[in-house]
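Open the model in your viewer and keep the selection tool at hand. The tour goes from one stop to the next, with something to select at each.

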Amino acid sequence: MHILINNDDGIEAPGIENLIYALKDYAQITVVAPEGEQSGKSMSITTREPLVVNQVSKFGSIPAWSVRGTPADCTKVALSIFKIKPDLIVSGINRGSNAGRNVLYSGTVGGVIEGILRGIPGIAFSCCDMKDPEYHRLTPFIEPMISFIQKNPLPFGTLLNVNFPHTQEDTPWNKTTQIQGIKLTSQGKAFWVEDVYESEPILSNIRFGAKAMHFSDDEQSDIYWLERGYITAVPIHVDQLTDFTYFSKNKDHFEYITTCPVAF
């Protein structure tokens with residue numbers, strides 16, 4: 001199979017190098033990744049500046065390009081400019097969690113979604129460790145998950161969001177540093193919120209840090225199992241965004257009221 005590899009930490013990040021190492025003997029690989037850090041860019045794209053694209057040779061014989069843009073830009077370049085036709089898009093390994101609602105901010109996931117919209121399945125890999133992740137402990141789990149997806153295809157419009165648990169330090173929400181296994185889960189509720197740093201005069205130069213906002217997640221969620229040392233994989237459907245429950249309940253009334261305001 002042909003795999004397109006992407007990330008949001010940049011083409012020089014050790015996470016993408018470890019991802020390539022995990023898959024180089026399993027599939028034909030092409031790498032198109034951001035020139036530098038693009039974390040938190042979600043599905044943003046570059047429209048008002050030119051995209052600078054350079055071929056790089058750091059991965060030996062594996063064809064690779066850096067793009068001065070976002071992860072979604074990279075996928076667009078690979079598919080539309082280079083005319084690459086991958087069987088799968090794989091992104092990561094991201095430094096930092098994309099569990100819970102952080103998935104909505106994630107450039108790691110955004111690069112995969114860009115392919116999902118074009119009918120190409122994808123998997124995003126992230127790890128909870130922010131400081132010096134021990135990638136060598138994670139890579140043995142990657143090929144088996146991709147092999148499973150190859151034999152059990154994801155539905156159209158669905159990606160797999162995989163997160164590896166903390167493997168280094170204990171935290172208040174981390175019960176172990178040993179990988180206990182793998183769970184197919186739902187997406188949890190936790191997310192990163194802004195931790196504001198201000199300089200004088202106020203409002204002239206504000207910098208956002210980040211801190212975790214935790215919720216009570218149920219036993220099906222990725223957050224619950226990550227805390228207990230499990231790798232989590234969430235099938236996320238992004239093709240149909242409509243809330244059909246609300247649509248069906250309110251369609252006729254909404255159209256009548258908004259067309260005839262006096263009837264309200």
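**Stop 1: Helix 1**

Start with helix 1, and colour its buried residues: G15, I16, N18, L19, I20, A22 and L23. That is seven of 10 residues, so the helix is mostly covered. Keep in mind that this is a predicted model.

Now bring up the surroundings. The buried residues of helix 1 pack against strand 1, strand 2, strand 5, strand 6 and helix 4.

**Stop 2: Helix 1 against helix 4**

Add helix 4 to the selection. Two packed helices are described by the angle between their axes and the distance between the axes. Here the axes of helix 1 and helix 4 come within 9 Å. They cross at roughly 65°. The crossing of helix 1 with helix 4 is right-handed.

Which residues meet where helix 1 faces helix 4? On the helix 1 side, select L19, A22 and L23. On the helix 4 side, select I142, E143 and I146. By class, this contact has five nonpolar residues, one charged residue and no polar ones.

**Stop 3: The largest nonpolar core**

Widen the view. In soluble globular proteins, nonpolar side chains tend to be buried together. The largest nonpolar core in this model has 33 residues. Show I5, L23, V31, F125, I142 and I146 as spheres: these touch the most other members.

Next, colour by element. Those that give two or more residues to this core are listed here:

- Strand 1 (2-6), strand 2 (28-34) and strand 5 (88-95)
- Strand 6 (122-127), strand 7 (158-164) and strand 11 (230-237)
- Helix 1 (14-23) and helix 4 (142-151)

Which element gives the largest share of this core? It is helix 1, with five residues.

Then centre on V31. Leaving aside residues up to four places away in sequence, V31 touches I5, I11, I16, I20, F59, I62, P63, A64 and W65. A second, separate core has 21 residues. Among them are W65, V77, L79 and I84.

**Stop 4: Helix 2**

Select residues 71-81, which form helix 2. Is this helix largely enclosed or largely open? Eight of its 11 residues are buried, so helix 2 is largely enclosed by the rest of the structure. The buried ones are P71, A72, D73, C74, T75, V77, A78 and L79.

Show what lies around them. The buried residues of helix 2 pack against five strands and a helix, namely strand 1, strand 2, strand 3 (53-56), strand 4 (64-67), strand 5 and helix 3 (107-116).

**Stop 5: Backbone details**

Step past helix 2 to K83. K83 is in the loop between helix 2 and strand 5. Its phi is positive, near 60°, in a residue other than glycine. At 58% relative accessibility, K83 counts as exposed, because the cut-off for exposed is over 50%.

Go back along the chain to S42, in the loop between strand 2 and strand 3. S42 is not a glycine either, yet its phi is positive, at about 50°. Is S42 buried or partly exposed? Its relative accessibility is 22%, so S42 counts as partly exposed; buried would mean under 20%.

Now show the backbone at G92 and I93. A cis peptide bond joins the two, with omega about -10°. I93 lies in strand 5.

**Stop 6: H237**

Select H237, in strand 11. Its relative accessibility is 43%, so H237 counts as partly exposed. Which residues does H237 touch, not counting those up to four places away in sequence? They are F156, G157 and T158. Draw a distance from H237 to F156: the C-alpha atoms are 8.3 Å apart. In sequence, H237 and F156 are 81 residues apart.

**Last stop: The whole protein**

Zoom out. The protein has six helices and 11 strands. Of its 264 residues, 48% count as buried. Take the contacts between residues at least 6 apart in sequence: 76% of these join residues at least 24 apart.

Finally, turn on the surface. The accessible surface comes to about 14,200 Å². Carbon and sulfur atoms account for 54% of that area.

Notes:
Residues numbered from 1 in each chain as written. Predicted model: local features only at pLDDT ≥ 70, side-chain atom pairs only at ≥ 80, totals over all residues. Heavy atoms only, no water. Core = buried A, V, L, I, M, F, W, Y, C linked by side-chain atoms within 4.5 Å. Buried < 20%, exposed > 50% of the residue type's maximum accessible area, 1.4 Å probe, protein only. Helix = DSSP H or I, 4+ residues; strand = E, 2+ residues; numbered from the N terminus. Contact = heavy atoms within 4.5 Å. Axes fitted to C-alpha atoms, helices over the stretch in contact; angles between N-to-C directions. Left-handed = near helix turned anticlockwise from the far one by under 90°. Nonpolar A, V, L, I, M, F, W, Y, C, P; charged D, E, K, R; others polar. Areas by Shrake-Rupley, 256 points an atom, 1.4 Å probe, with all protein chains shown as cover.
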